[in-house]
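I opened this notebook to keep a record of what I looked up, one topic at a time. The entries are meant for someone who has not seen this structure before.

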Amino acid sequence: MDIENRDEFIIKKYQQEEQIMVQLFVQWCTNYQLNPAELYQRAYPGQPQSAVLTDAIDETDTEEMDIDHETLLDVLQMFGNYDLAFVVSEEIEKLPQK
């Protein structure tokens with residue numbers, strides 16, 4: 001594999017994994033009746049909403065898929081979305097305790 005193909009592969013792989021991260025975030029928001037676009041804007045004020053986020057919102061099922069709070073926070077932080085992880089953690093604290 002030459003350098004150009006390797007770089008393309010790495011970029012595509014990252015983009016695919018980023019899509020999964022965004023889908024998990026949107027599904028988690030849906031599970032708790034939270035607006036993912038609103039939380040994103042709180043985390044990143046002034047930034048335009050990403051197309052990946054918009055697509056994930058449009059494609060999310062209303063069927064609940066169990067996503068653990070810690071898992072979501074770990075995934076967000078793994079991708080460097082610390083501000084979003086902070087906003088999510090604030091929302092977690094507002095949720096009723098099980």
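The entries below go from the overall fold to single residues and charged groups.

**Entry 1: the model as a whole**

I began by noting that this is a predicted model, and I therefore looked up the confidence before anything else, pLDDT being the predictor's confidence in each residue on a scale from 0 to 100. The protein averages a pLDDT of 90, and 98% of the residues score at least 70. When I compared the elements, I found the lowest confidence in α1, with a mean of 87, and the highest in α5, with 97.

I then looked up the secondary structure, and I found five helices and zero strands, so that, as DSSP runs numbered from the N terminus, the elements read α-α-α-α-α along the sequence. For the overall dimensions I noted that the C-alpha atoms fill a box of roughly 55 × 30 × 25 Å along the principal axes. Of the 98 residues, 32% count as buried.

**Entry 2: three residues in helices**

I picked Phe 25, which lies in helix α1, and asked myself whether Phe 25 is buried or exposed. Phe 25 counts as buried because its relative accessibility is 2%, and the cut-off for buried is under 20%. I also looked up how far Phe 25 is from Glu 4, which is 21 residues away along the chain, and found their C-alpha atoms separated by 32 Å.

Phe 86, which I found in helix α5, is exposed, because its relative accessible area is 51% and the cut-off for exposed is over 50%. The C-alpha atoms of Phe 86 and Gln 97 are separated by 19 Å, with these positions eleven residues apart in the numbering.

Glu 59 belongs to helix α3 and is exposed as well, with a relative accessible area of 56%. I noted a separation of 24 Å between the C-alpha atoms of Glu 59 and Asp 83, which are 24 residues apart along the chain.

**Entry 3: a backbone angle in a loop**

Which residue has a positive phi although it is not a glycine? I found that this is Gln 33, with a phi of about 55°. I wrote this down because most residues other than glycine have a negative phi. Gln 33 sits in the loop between α1 (3-31) and α2, and with a relative accessible area of 68% it counts as exposed.

**Entry 4: salt bridges**

How many salt bridges does the structure hold? I found four. As a reminder to myself, side chains of opposite charge can pair when their charged atoms come close.

One of the salt bridges joins Arg 6 and Asp 7, whose closest N and O atoms are 3.7 Å apart. Arg 6 is partly exposed at 40% relative accessibility, and Asp 7 is partly exposed too, at 34%.

I then turned to Arg 42, whose side chain meets that of Glu 90 in a salt bridge of 3.1 Å from N to O. This pair links distant parts of the chain, since Arg 42 is in helix α2 (residues 36-43) and Glu 90 is in helix α5 (residues 82-94), 48 residues apart. Arg 42 counts as partly exposed at 35% relative accessibility, and Glu 90 is partly exposed with 30%.

Arg 42 also forms a salt bridge with Glu 91, and here the closest N and O atoms are 2.7 Å apart. This pair, too, links distant parts of the chain, with Glu 91 in helix α5 and Arg 42 in helix α2, 49 residues apart. Glu 91 is buried, because its relative accessible area is 8%. Through shared partners, salt bridges join Arg 42, Glu 90, Glu 91 and Lys 94 into one network.

**Entry 5: a charged patch**

Which residues form a negative surface patch? I listed Glu 64, Asp 66, Asp 68, Glu 70 and Asp 74. Of these I looked more carefully at Asp 66, which has its place in the loop between α3 (51-59) and α4 (69-78). Asp 66 counts as exposed, because its relative accessibility is 71%.

Terms used
Residues are numbered from 1 along each chain as its sequence is written. This is a predicted model: local features need pLDDT of at least 70, side-chain atom pairs count only at pLDDT 80 or more; totals for chains, interfaces and linings use all residues. Side-chain values use heavy atoms; hydrogens and water are left out. Patches are made of residues with over 30% relative accessible area and no salt bridge: like charges are joined within 9 Å, nonpolar side chains (Val, Leu, Ile, Met, Phe, Trp, Tyr) within 5 Å. Accessible areas come from the Shrake-Rupley method with a 1.4 Å probe; for residues, only the protein chains shown count as cover. Lys and Arg count as positive and Asp and Glu as negative; His and the chain ends are not counted. The place of a charge is taken as NZ of Lys, CZ of Arg, CG of Asp or CD of Glu. Helices (H or I, at least four residues) and strands (E, at least two) are DSSP runs, numbered from the N terminus. Buried means under 20% relative accessible area, exposed over 50%, partly exposed in between (1.4 Å probe, protein chains only).
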